[in-house]
Amino acid sequence: MTDVELTKKIFDRDRFVKLIGAEIIELDAEKAVVRAPITEQCFNANGTAQGGMLYTLADFAFAVHANYIHPMTVTQCGHIDYVRPSKPPYVVAEAREKVRVGHNTVSEVILRDASGEIVCVCTFNGFVKDVDRATLVEKFQ
């Protein structure tokens, strides 16, 4: 099982990600790119994507990338700056690690709408647990 396959198997268990229709588009050591449709159920009172949906997608992008390069990582803290409204049909989040020190990893996640405009800029800090790859492969066979 490749590292990409293992990471995808791990996140196949994420029910909320499935509920919002998020999917992994690209994954390698440099970045993770994920996408989710902006459906009518995602709209806030202003008719744009609800902030919680955008935060969820950003956290998902961070989790996918962090767990690809540092299995097993959990989010400790996340910060999001909303720049402009995001409208349908979809939003894309790209996560890139900025620094890893000890058990901490910090990444930047940029969200863009279908037109390529930046809608959010985020920073996530994750805790990297001491888990070896063999244990993960066994758990997610």
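A disulfide is a pair of cysteine sulfur atoms within 2.5 Å. I wrote that cut-off at the top of my page, and I also noted that this is a predicted model.

**Entry 1: the cysteines**

A friendly reminder to myself: a disulfide is a covalent bond between the sulfur atoms of two cysteines. How many disulfides does the structure hold? I found zero.

I then looked up why Cys120 has no such bond. The closest cysteine sulfur to that of Cys120 belongs to Cys122 and lies 5.5 Å away, so the two are too far apart for a bond. I checked Cys77 as well. Its closest cysteine sulfur is also in Cys122, but at 12 Å, which is too far for a bond.

Is Cys120 buried or exposed? I noted it as buried, with 0% relative accessibility. Cys77 is partly exposed, and its relative accessible area is 47%.

**Entry 2: strands 4 and 5**

Next I turned to the strands. Strand 4 covers residues 90-101 and strand 5 covers residues 104-113; they run antiparallel and are joined by ten bridges. I found Arg100 opposite Thr105 of strand 5.

What sits in the turn of this hairpin? There are two residues between the strands, and Gly102 takes a positive phi near 60 degrees.

**Entry 3: strands 5 and 6**

I followed strand 5 to its other partner. Nine bridges connect strand 5 with strand 6, residues 118-128, and this pair runs antiparallel. Which residue of strand 6 stands opposite Asn104? I read off Phe127.

This hairpin has four residues between its strands, and here Gly116 has a positive phi near 90 degrees.

Key
Residues are numbered from 1 along each chain as its sequence is written. This is a predicted model: local features need pLDDT of at least 70, side-chain atom pairs count only at pLDDT 80 or more; totals for chains, interfaces and linings use all residues. Side-chain values use heavy atoms; hydrogens and water are left out. Buried means under 20% relative accessible area, exposed over 50%, partly exposed in between (1.4 Å probe, protein chains only). Two strands pair if DSSP finds at least two bridges between them.
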